[in-house]
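Biologist: Before we discuss any details, could you put the sequence and the coordinates in front of us both?

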Amino acid sequence: MKFTVIKNLQKDSAMSLILRGFLLFILLYLISDIFVMKSNFGISPETLNATLFGDEEAYIDPMNEASFLEFWHTQIFFIMMILLTLSSIFIRVAKKSRAILTNTLMISAILSLISLPLAFYLSSFFVNIYLVTYFLWHLVALYMIVYSFWKLNARSV
């Protein structure tokens with residue numbers, strides 16, 4: 001996290017290169033996260049409901065509580081690490097709209113994490129909220145990555 005104390009990222013080409021590589025890894029994580037979610041849980045309300053609650057017609061058993069809690073636990077950790085690091089990079093390179101985008105990213109990710117157990121324990125209504133907030137934070141994070149990458153490239157030239 002040395003980049004948080006460097007005064008001018010323009011003059012430190014090595015740190016700029018490291019940050020661009022890190023942004024590339026975050027981008028790969030976000031893309032792979034969607035594919036993993038699609039194959040394991042589903043990315044539509046029907047498939048997610050079938051995964052969580054089962055489907056008698058398709059002979060799908062409901063997810064057990066231990067598996068759900070393990071998935072949710074790892075999601076909390078990975079989302080926290082990715083978003084806090086991405087936000088710290090974005091805040092350093094962005095001048096405009098950084099508070100709005102960072103707050104949108106964090107709030108939608110937290111709502112995503114909260115709505116999933118609410119869907120599992122209370123009502124399938126929260127599945128739709130989960131999916132909307134899941135894709136919202138992914139889109140905002142994607143924009144922040146592209147914008148940060150662009151600003152780091154513009155500064156290093």
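The questions and answers that follow move from the whole chain to single residues.

Biologist: What kind of model is this, and what pattern does the protein chain follow along the sequence?

Modeller: This is a predicted model, and every statement below should be read with that in mind. The secondary structure of the protein chain comes to five helices and zero strands. Read from start to end, the pattern is therefore α-α-α-α-α.

Biologist: What does the C-alpha trace of the protein chain span along its principal axes, and what percentage of the residues counts as buried?

Modeller: The C-alpha trace spans about 60 × 25 × 20 Å along the principal axes. The accessible surface comes to about 9300 Å², and carbon and sulfur atoms account for 69% of that area. Of the 157 residues in the protein chain, the share that counts as buried is 40%.

Biologist: How far apart are the mean positions of the positive and negative charges?

Modeller: The protein chain carries 11 positive and 9 negative charges. When the mean position of each set is taken, the two points are separated by 38 Å.

Biologist: Which element gives the largest share of the largest nonpolar core?

Modeller: The largest nonpolar core holds 40 residues, and those that touch the most other members are Leu52, Leu86, Leu105 and Trp137. Two or more residues of this core come from each of α1 (13–40), α2, α3 (65–93), α4 (98–121) and α5 (125–156). The largest share is 12 residues, and the element that gives it is α5.

Biologist: Which residues is Trp137 in contact with, leaving aside neighbours within four places in sequence?

Modeller: Trp137 is one of the four residues that touch the most other members of the largest nonpolar core. With its neighbours within four places in sequence left aside, Trp137 is in contact with Leu30, Asp33, Ile79, Leu83, Leu105, Ser108, Ala109 and Ser112.

Biologist: Which residues of helix α2 are buried, and which residue with a positive phi follows α2?

Modeller: Helix α2 covers residues 45–53, and Leu48, Ala50, Thr51 and Leu52 are buried there. The residue that follows α2 has a positive phi, near 85°, and is Gly54.

Biologist: Is Thr85 buried or exposed, and which residue has its backbone oxygen 2.8 Å from a polar atom of the Thr85 side chain?

Modeller: Thr85 is found in helix α3. Because its relative accessible area is 12%, under the 20% limit, Thr85 counts as buried. A polar atom of the Thr85 side chain lies 2.8 Å from the backbone oxygen of Met81.

Biologist: In the loop between α3 and α4, why does Ala94 count as buried, and what is the relative accessible area of Ser97?

Modeller: Ala94 has a relative accessible area of 0%, under the 20% limit, and therefore counts as buried. The C-alpha atoms of Ala94 and Met144 are 9.0 Å apart, although the two residues are 50 residues apart in sequence. Ser97 also lies in the loop between α3 and α4, and has a positive phi of about 60° although it is not a glycine. Ser97 is partly exposed, with a relative accessible area of 44%.

Biologist: Which residues is Ile91 in contact with, leaving aside neighbours within four places in sequence?

Modeller: Ile91 is found in helix α3 and is partly exposed, with a relative accessible area of 36%. Ile91 and Ser148 are 57 residues apart in sequence, and their C-alpha atoms are 9.0 Å apart in space. Leaving aside its neighbours within four places in sequence, Ile91 is in contact with Arg98 and Thr102.

Biologist: Why does Pro117 count as buried, and which residues does Pro117 touch, not counting residues up to four places away in sequence?

Modeller: Pro117 is found in helix α4, and its relative accessibility of 12% is under the 20% limit, so Pro117 counts as buried. Pro117 and Val127 are 10 residues apart in sequence and 9.4 Å apart from C-alpha to C-alpha. Not counting residues up to four places away in sequence, Pro117 touches Phe68, Trp72 and Leu122.

Note on methods:
Residues are numbered from 1 along each chain as its sequence is written. This is a predicted model: local features need pLDDT of at least 70, side-chain atom pairs count only at pLDDT 80 or more; totals for chains, interfaces and linings use all residues. Side-chain values use heavy atoms; hydrogens and water are left out. Helices (H or I, at least four residues) and strands (E, at least two) are DSSP runs, numbered from the N terminus. Buried means under 20% relative accessible area, exposed over 50%, partly exposed in between (1.4 Å probe, protein chains only). Accessible areas come from the Shrake-Rupley method with a 1.4 Å probe; for residues, only the protein chains shown count as cover. Lys and Arg count as positive and Asp and Glu as negative; His and the chain ends are not counted. The place of a charge is taken as NZ of Lys, CZ of Arg, CG of Asp or CD of Glu. A nonpolar core is a set of buried Ala, Val, Leu, Ile, Met, Phe, Trp, Tyr and Cys residues joined through side-chain atoms within 4.5 Å. Contact means heavy atoms within 4.5 Å. A polar contact is a pair of N or O atoms within 3.5 Å; within protein, one must be able to donate a hydrogen and the other to accept it, and residues adjacent in sequence count only if both atoms are side-chain atoms.
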